[in-house]
Amino acid sequence: MTPLGEKLAARIRANGPITVADYMAACLGDPEHGYYLVREPFGRGGDFVTAPEVSQMFGELIGAWTVAVWEAMGAPAAFVLAELGPGRGTLMSDLMRTARLRPAFVEAAQVHLVETSPRLRAIQAETLAAVGIAPTWHEHIDDLPAGPLIVVANEFFDALPIRQFVRTATGWAERMIGLDETGALAFGLRPASPPPGFGSDVAEGQIVETAPAATAVMATLAGRIAAGGGAGLFIDYGYPGPAVGDTFQAVRRHQYDDPLAAPGEADLTAHVDFGTLGETARSVGARTRPLLSQGAFLARLGLSERATSLARGKDATTGEALERAVERLASPTGMGEIFKVLAVSAPGLALAVFDADDPEKA
């Protein structure tokens, strides 16, 4: 058992089984052994590769989109440009490099990063210093300063803790994590009230997931955007509405793993319920757009054209690498379909890509 596994087992022996949400929070954020605090998750030498690490084109295109949104907002002289869970700072670095084509944008942008890991903050500082950016870091969403806000989050919501519920023959139960007869971590059930939005129509044995932490984050961000102006771009793997099924998963060394096998040494995630996030944003007064696949979003921003531009004058090896990057980012066999893009804005703000065909509907 890993050091964090031993710590969790002692906690369970002392206080009883814990929820899946408590387990996720500990595995990813424990001060001594939490995955994001002590390990290097990103890149080929880590456990997974995110879209910004696949190619600079991803962050560059989001940079172009962000500049267009700022212009649609009336080009405010000062605004908050925030990223949630910025990894190694790659996306923000590529975004700001592209934004330098509009010096007034760079001058107006106050870059803020929501990051809890001191180790990752140090890496982000080094990455962004290379493009002349000195960001401000925050532990919590609520700490972001007042003012118009443009917020970007790539693979952020999938790592927020979820709860799991099971429809049993005698009613609903919450899936818990306790210890089996050998002392190993194991799943079990505890009687529970029906999860919000689900009832007797769910078949016996089915698992449903709720994400109260994600809902709370979206309510805070969308409420700010609705009241103070701005927009949010949220990219993650997930599904368009409430659904049944177990999406709780672990990734270790680029392979799927048992979520209970190596606490603190594997990335834990769950698919994002974009339908609930959208409903939450609308409930606090923000405007949402129909969900796009990542492939469709990047295509509308000109991914193929950008790849062609970068390949011009380069050798065949570079051109082939760019083609592979386009395929991975946008094709159905890569990230193109499973990853979705949710856009949120203040009422009345037209968003590039999403409102291009009919901006009056913004």
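Strand 1 (residues 18-19) runs antiparallel to strand 7, and 2 bridges join them. Within that pairing, I18 has I177 of strand 7 as its bridge partner. This is a predicted model, so let's take a friendly walk through two groups of strands, starting with the neighbours of strand 7.

**Around strand 7**
- Strand 7 covers residues 171-179, and because 8 of its 9 residues are buried, the rest of the structure largely encloses it.
- Strand 6 (residues 163-168) pairs with strand 7 in the antiparallel sense, over 4 bridges.
- In strand 7, E174 is the residue that stands opposite F165.
- The two strands, 6 and 7, form a hairpin with 2 residues between them.

**On to strand 8**
- Strand 8 (residues 185-191) also pairs with strand 7 in the antiparallel sense, here over 7 bridges.
- I177, the bridge partner of I18, stands opposite F187 in strand 8.
- The hairpin of strands 7 and 8 has 5 residues between the strands, and G183 takes a positive phi near 90° there.

**Around strand 3**
- Strand 3 (residues 109-114) is mostly covered, with 5 of its 6 residues buried.
- Strand 2 (residues 79-84) pairs with strand 3 in the parallel sense over 6 bridges, and E83 stands opposite L113 of strand 3.
- Strand 4 (residues 136-138) pairs with strand 3 in the parallel sense over 3 bridges, with T136 of strand 4 as the bridge partner of H112.
- From strand 3 the chain passes through helix 8 (residues 118-129) to reach strand 4, making a right-handed β-α-β crossover.

Conventions. Residues are numbered from 1 along each chain as its sequence is written. This is a predicted model: local features need pLDDT of at least 70, side-chain atom pairs count only at pLDDT 80 or more; totals for chains, interfaces and linings use all residues. Side-chain values use heavy atoms; hydrogens and water are left out. Buried means under 20% relative accessible area, exposed over 50%, partly exposed in between (1.4 Å probe, protein chains only). Two strands pair if DSSP finds at least two bridges between them. A crossover is right-handed if, with the strands pointing away from the viewer, the path from the first strand over the helix to the second runs clockwise.
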